[in-house]
Each structure stands twice: as structure tokens, then as C-alpha cells.
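Biologist: Hey, got a minute to go through this one with me? Pull it up and I'll fire off some questions.

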Amino acid sequence: MTLEDTFEIKYIPQAVFKVQPVTRCSASLSGHTEAILVVAFSPDGSMLATGSGDTTVRIWDLKTETPRHTLSGHKNWVQSLAWAPDASVLLSGGMDTQLRVWDPKAGKSIGDGLRGHTQCITAIAFEPLHLDKDARRAATSSKDSTVRVWDIRVRQCLFTISGHTAPVMSVRWSGSGLLLSGSRDKSIKVWTSDNGRLCRTLAGHAHWVNHLALTSDYILRRGPFDHKTTSFADKDAAYPERLASCSDDFTLFIWDFSRDKKPLARMPGHQQLVNHIAFSPDGRFLASSSFDKSVKLWDAKTMSFMTTLRGHTGAVYQVCWSADSRKILSGSRDSTLKCWDLATKKMQVELPGHADEVFAVDWSPSGDRVASGGKDRILKLWRS
Amino acid sequence: MPQNEYIERSIKLHGRRFDHEERTRKREARKVHTESHKAQRLQGIKAKIYNKKRHNEKIQLKKTIKQHAESMNKQKSAEQPVQDGAVPTYLLDRENQSRSKVLSNMVKQKRKEKAGKWDVPIPKVKGLDEADVFKVLKSGKRGAKQWKRMINKVTFVGEGFTRKPPKYERFIRPSALRFKKAHVTHPELKTTFCLPILGVKKNPSSPMYTQLGVITKGTVIEVNVSDLGLVTQSGKVVWGKYAQVTNHPENDGCINAVLLV
């Protein structure tokens, strides 16, 4: 025993607000006549858009929990949705290879579909608001192994990036103004966003790259909207912007994509392919969902494994965070959603109710609601 | 039988006759007529065989024409018709997506349960004759005792089953007639799985048969469905489920059953 012991006190900035865990299903909204494939809350949390296999996009009113608009125009499954950071425009893409622009308030299509891709559109990413306050540009990735950058106002394809040799499954527009694309040719490529020049290729994965996540995802998504008021939030992330990628080779990688083409860390541990990853809104933690029926938590700062969250009895398809970075929600093939607590690292609430696989979950950025949709064609809204 | 490739040799040495090209062309041009003539004149089994052959040829021909027609209008192919079974992008091109997972709709199941617990696909079964099921075996030093029975039907014995000492064994279940697996059809999915049997729940003929594990037509068996990935409303995996046997296993050498959903 020494007389004097040094005590190391660690403290981390916490969110000043608290999101209550969702516990009950407040509404089961039918309307789609085919499986719901994608669910997206608007950045201000006031509207909800869903894309479905019945070729429509629906916009739901969250105050009354009723359908507001049915947007038809696509000719095939709608598989990807993206809100402009200022919530003025909604983009949708799908199997029919065209990108459609919608006015979510009026519920109308702005012009005809934008054509260019030759195969289905897999992901859409808007330019962050601080780089361009008009939200003019968006990037789409497609199965035809190209990424296209569009000007939404002029309704034109600005340039096409074709460097990948296999379907591009995920695209991100980083806060530093670089385009990131993850492809099934096992590589992630970094491009400049003004002319689409290749900056570097991030190689390391041994199989398909399934999904990309940025530490700044939440900030970029939220745009100007805060949890209290609609003012500009502080744009500086708590930590430098990092990229995480997950792959069919059961591993995750973390990259410092703006500087280095070598990964910062390789994080094995999953026993099956990793389908989806998400950074916590403060960028400290990383959650990954895998087909091995587990969700794993990683510390994004030390790049080390934290814990495994087990409980699902089927492949876990999607994972998302609450706005205060204290809770995780996962949707699975076993038809349930589960809400996990970061502090106890245990399951907090189990949310059964869907009759079949849950394809898409999203936690409202304002934190009060969760939306989930799946193969049973019913959109469910969950509240605390 | 030719002893050598003498025709080829002759062609190589002397060439073909001068009107060979013309003759083959004409024969080819004439072919439809000769074949039509043949089709009209043949009789009996020969006609049947020949017409069948011509029918198949025509189907093939039409198929190839259709394929060529499709490849002509390529720009249309982008606009494929909307297919069923929409999947999100992350499930595109994934193999091992066994679509034979089940809509485990609890409500539906409960409604059916209410309709009648034993509302089964085969509600009535024929009674089994005792003499048909059991074969009397003679035992004892002089073959005078007749209390041993051999079961003539398919049976299921549990795992780790050992026979009683032969001296005291009353019911003999021949190992050749013991089954471990059944081909179970899911009525809604219309797919069949080979699943391990867990037990015999009810043989409607007699409770004694249930005890002995005799499987005949109409018997309700419990099968292990954990591979199917059925889940309850709360997300728990369903393990055992009942199925009713639809065939005569003793005649067919396999057990076919239909799942009771």
C-alpha cells in the first residue's frame, strides 16, 4: 500500500439530452402492397419516407401517424432513399435504374426520372450542407459498377466515375468533401468531388465491401437541425473523420481515408458476413450487425472490441443509433427489433410485432420515434 | 461394316463428284416436303414416334426464334417487369437465401387452432387389422409358445434405443423398418424438407400403436423443424412441430408427411 494513489478519471462528453428507449408500437401502418425495403426519417425528424417493392415511395405524417403522400413514378422496386440535408428534396432510386427527385412537402415529382445508370441504384449520398448550402449535388452508386454525380437543380449528370470493376454497393460524401465508394470488387476508392479524380484506393478487404460508415454520418445527416432548435449545429466532430467499412470477409476496417491508404485497424471477430455498420452520433462507438445473429460493439477511438450483443435468432440486417449515442437498435431476419443499452451492454427492450423479416430500421434524429419495415409490408412506428 | 474410313480416303484422293454441292442443296430444299410426306403416310406406332419427334423439334424451333426476337430489342430489357419477392440492395445476389422461410403468422395459426385442434389433412383413417400389424412368432424349446409379436409396420424408436433381452422381448421392431427421418411438406410454401422425427404423437388406430411408435397413414408425428428457421411472434425459434403422415410407409419405404400449420 502506498499512501498516495493516483486515480485516473476518464470523462467523456455526453449528450445533454436523453433519448428514452422505445417500448411500444404506436402505429402499424399498412399501405404498401409489397415488402418495405428502405425507411428514412427526414433530417428534421418531421417526415418519414419509405420505399417499397410495390414501386412506390410513401411519405408519412408523423404527428398524426397517417399516410401523407404516395409517390408513384418508379417502374420497379425502390431500394434507396436520401433526404437533402435541408429536407427540401427527397431522392429515390431502385431497380428501374432511374433517379427520381421528389418534393416531399407537396408530394409531387420534380420532373421526370434522371436516367444514366444501366443497372439498379444501390445507394444515394447528398453533398453535406456545409460544403454547399443549396444541396444541389448528390452521388449515386449502382450495380453497373459506376458512381454518378448529379446536379439536382439542373437535372444533369455532372460526371461519371468508373473505376470499380464490380457493383458499387455503398457511397458516402464525407464532410471534408471527398467521395467514398465501396464495391464488390473488394476495394474502397476515394475520389475528389469536384471532378471525380481518384485520390487513393483503400485495399485490404478480402471479399465484397458491404457498407461504409463515417464518424460524421450523423452530423452530416442532421444538417442544420439541432435537437432543440433548427439552428446550425457545431460542425466540428468530436474526433477526426474516419471511415469504417464492413465486408463479406467477416471483418471491419477503419481508415483515415483523407491521408492514408493503409487501414488504421482491422477488426475481425464476426463469424459471418458483416452486413451493416453505424457510428454512434458522437463518433465514439461503432456498431456492426452480422449474419451470425449478433451485433458487435467497437470502440472507434481505440479501435478495439468492446462487446457482443447476442439475442437475435436470425441474421441481423440493420443497426442504428439513438441521437444521444446511448442506445442501439437492431432489426433482424427473426422478425424482431431489439433495443440495446450501451451502459449495461445488454438488451433493454425486445420489440416483436412484425410478421416477417425486418429489412429496414431507422431511429428518428429527434429521438422520439423508431420506424421499421419489412417483408410483411407493414410500417411500424415505435415510441417510448 | 466398313473396315476403314474408306469414304473419307476416297474423297481425299479423288474429290467429290462434280454435282455434289448442287445435290446436297437440292436435297436440303426438298427435305421439308419429304418429311411432310413421311408424316402423312406413316401409320401405327411409327407414326406416333415420328410425330412426337417432329413436335419436339417444332417447340425447340419456336423457342430459338423467340430468343432471337428478345435479343433484338435490347433497350426494352432494362425495363423488366416488377418481380415478386422484393429485397433490399444488401440482399441482392446473395446465395443461400432460402426463400423457404415461413410466414410464421401467429394470428393465422391461432385462428386455425381455434377451428379445431385435430383439424388435420387426413381426418379419417382405415382401421388396422391386428393380424396385419403383428406377426406371431413361435418361441420356446419346442416352438409351442406364441406370445412374441413382430411388428410389420414402420416404426420409430427413440434415440439411444436398445432392445430388451430377446428372451423377454414381447414386441420386436425390426431394424429394417425403423425410420429416423420423414419428408415433410410445408403446405403453404409447397416445399419439402427431409426432417428428423422426434416422436410419434398419435396413431389414431390405437393408443398401443402410439406407445410402440408405429407409423402408418394418418399418424401424427413430431418433427424437428429447427433447420427451417420458423420463429414465433416473439422471435423464438420453433423446434418441434406436428406433421401428419400421408402415405403408406410400409409400402413405399419412406415417410411422407404434411406439416400441420
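Modeller: Sure, here are some notes on repeats, rings and backbone angles.
Modeller: This is a predicted model, where local features need pLDDT of at least 70, side-chain atom pairs count only at pLDDT 80 or more, and totals for chains, interfaces and linings use all residues. Residues are numbered from 1 along each chain as its sequence is written, chains are lettered from A and ligands numbered from 1 in the order in which they are written, and side-chain values use heavy atoms, without hydrogens and water.

Biologist: Which residues of chain A does the UniProt "repeat: WD" annotation cover?
Modeller: The unreviewed entry lists 29-70, 71-112, 114-160, 161-201, 267-308, 309-350 and 351-384. Such annotations may be inferred rather than shown by experiment.

Biologist: And what's in 351-384 of chain A?
Modeller: That span is 53% strand and 0% helix, with its end C-alpha atoms 11 Å apart. Strands here are DSSP runs (E, at least two residues), and helices are H or I runs of at least four, numbered from the N terminus.

Biologist: Switching to rings: how many aromatic pairs over all chains?
Modeller: Eight, counting Phe, Tyr and Trp (its six-membered ring) with centres within 6.5 Å. Ring pairs join A:Phe291, A:Tyr317, A:Phe359 and B:Tyr90 in a cluster.

Biologist: Where is A:Ala135, and is it buried or exposed?
Modeller: A:Ala135 sits in the loop between strands E10 (121-126) and E11 (137-142) of chain A. A:Ala135 has a positive phi of about 55° despite not being a glycine. At 7% relative accessibility it is buried (under 20%; exposed is over 50%, partly exposed in between, with a 1.4 Å probe and protein chains only).

Technical notes. Rings of Phe, Tyr and Trp (its six-membered ring) pair if their centres lie within 6.5 Å; planes under 30 degrees apart count as stacked, over 60 as edge-to-face and the rest as tilted.
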